[in-house]
Amino acid sequence: MDNSLRAKLEEISHGEVLFDCPLAPYTSFAIGGPADALLVIKRKEDLAHLLNFFHNESLRWRVFGKGSNLLVNDAGFRGVVLQLAGEFAQIAEASVVGENRLTVGVGAGCSLTKLNHHCCRQGLGGMVFSYGIPGTVGGALLMNAGAWGKQMADLVVDVGLITAKGYEKLAVKPGDFRYRNWSSFAAYIGRGIIVDVTLALTSAHPSQLQGEAKELLRKRKVLQPHNYPNAGSVFKNPQGDSAGRLIDECGLKGESVGGAMVSTKHGNFIINNNKATATDVLTLIARVQHGVKKRFCVDLELEIHVLGASG
Ligand SMILES: Cc1cc2nc3c(=O)[nH]c(=O)nc-3n(C[C@H](O)[C@H](O)[C@H](O)COP(=O)(O)OP(=O)(O)OC[C@H]3O[C@@H](n4cnc5c(N)ncnc54)[C@H](O)[C@@H]3O)c2cc1C
């Protein structure tokens, strides 16, 4: 990014921009080279303005939530990374829409942890399956995050998006989602950002929700590695099977390349156990895919998103 573009970006972002910003600290994998710039946006009115600026200057951009489903390339990203905070991280008062039924508007930058604590305190049922998923509401929606047989698609009523043209509201239905993917968002990739979501919840007892949350967190700790940086499940589960089981049966648990290792606890997790690079992880991914293909004739598809230098 040349100096005149930097100066314009500094001006348009009111100085709240970090140039040549290493992205590793912004991902749960703790891996990745620098972005040309990283900007934390706090006000809705700034966002459409910024997207227009990016469009006019032909600047690449990408939104990060908590970076918990991302592998960033060692070369980083030639463009601007955006993170949503402030107005984008708020939770509105619940509205009663029927017996035992409520809706809640949530900002896309709100973490699932904050939302779950709110739901547990307020007696709002439905979200608890996501307790322990370390992402934001926006990232969870885009990924159709799920656990224990439930997923975001079960709860979403509508979604607010901002594009260079401004704010728009999309009504959504469960059929718009696929496994670990909000497929209808494809039309907005590269031009739209999820900024808020309305969720359909139920009323529940706070103490019951707190008990469920505690139990789900306990199960996560038993089943998943939590002592080393990782990005959750690396591969999507093939239909009717589990990627972790296939990897385990290939004897690939503990397999390593450089500082990256297939977790010995859960075959579908790759951990960064010693200053792994993205190249280490990608080489290990290719080795696992090759092993599973050879033994089971199954192509393992990536669940994590890989961010290359050009997008
Ligand atoms: C320990 C661990 C456990 C996990 N367990 C689970 C689990 O049980 N179930 C599960 O489904 N996932 C799980 N994950 C993966 C991950 O936490 C989820 O996919 C999460 O929803 C990603 O949210 P995020 O905010 O971190 O998104 P990011 O990783 O930051 O982004 C993911 C993608 O969404 C895009 N994106 C993010 N925010 C927006 C936005 N506002 N608008 C448009 N695009 C956006 C990004 O550009 C990127 O392409 C786990 C991860 C870890 C590290």
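**How the ligand sits, and what lies around it**

In this predicted model, the ligand has one of its oxygen atoms 2.7 Å from a backbone N or O atom of Gly65. Two further polar approaches go with this one. A polar side-chain atom of Arg62 lies 2.8 Å from an oxygen atom of the ligand, and a polar backbone atom of Gly146 is 2.7 Å from a ligand nitrogen atom. Taken alone, the ligand would expose 980 Å², and the protein buries 94% of that. The elements that give two or more residues to the surrounding shell are strand 3 (61-64), helix 4 (137-143), strand 9 (146-147), strand 13 (193-203) and strand 14 (230-233).

The shell can also be looked at residue by residue. It counts 34 residues around the ligand, and the closest are Val63, Gly65, Ser68, Thr136 and Gly146. Helix 4 makes the largest contribution to the shell, with 5 residues. Sorted by class, the shell around the ligand holds 16 nonpolar, 14 polar and 4 charged residues.

Two of the shell elements, strand 14 and strand 13, lead on to the strand pairing. Strand 14 belongs to an open sheet of 4 strands, arranged in the order 14-17-16-15 with antiparallel pairing. The edges of this sheet are strand 14 and strand 15 (256-257), each of which pairs on one side only. Strand 14 is joined to strand 17 (residues 269-272) by 2 bridges, and the two run antiparallel. For Ser233, the bridge partner in strand 17 is Phe269.

Strand 13, for its part, runs antiparallel to strand 11, and 6 bridges join the two. Asp158 has Thr198 of strand 13 as its bridge partner. Strand 11 is also joined to strand 12 (residues 166-171) by 6 bridges, again in an antiparallel arrangement. Here Val159 has its bridge partner in strand 12, namely Leu170. The connection from strand 11 to strand 12 is a hairpin, made through 2 residues. How enclosed is strand 11 by the rest of the structure? Of the 8 residues of strand 11 (residues 156-163), 7 are buried, so this strand is largely enclosed. As a general point about such elements, the side chains of a regular strand alternate between the two faces of the sheet.

Helix 1 (residues 3-12) gives a different sort of picture. Its buried residues are Leu5, Arg6, Leu9 and Ile12. Why do these residues fall on the same side of helix 1? They do so because they cover an arc of only 135° around the axis. On the other side of helix 1, Asn3 and Glu11 are exposed.

One loop residue rounds off the picture. Leu23 is found in the loop between strand 1 (17-22) and strand 2 (34-41). Is this loop residue, Leu23, buried or exposed? Leu23 counts as buried, because its relative accessibility is 0%, where buried stands for anything under 20%. Leu23 and Leu38 are 15 residues apart along the chain, and their C-alpha atoms are separated by 8.7 Å.

Definitions and conventions:
Residues are numbered from 1 along each chain as its sequence is written. This is a predicted model: local features need pLDDT of at least 70, side-chain atom pairs count only at pLDDT 80 or more; totals for chains, interfaces and linings use all residues. Side-chain values use heavy atoms; hydrogens and water are left out. A residue is near a molecule or strand if one of its heavy atoms lies within 4 Å of it. A polar contact is a pair of N or O atoms within 3.5 Å; within protein, one must be able to donate a hydrogen and the other to accept it, and residues adjacent in sequence count only if both atoms are side-chain atoms. Accessible areas come from the Shrake-Rupley method with a 1.4 Å probe; for residues, only the protein chains shown count as cover. Ala, Val, Leu, Ile, Met, Phe, Trp, Tyr, Cys and Pro count as nonpolar, Asp, Glu, Lys and Arg as charged, and the others, Gly among them, as polar. Two strands pair if DSSP finds at least two bridges between them. Buried means under 20% relative accessible area, exposed over 50%, partly exposed in between (1.4 Å probe, protein chains only). The arc is that of the directions from the helix axis to the C-beta atoms.
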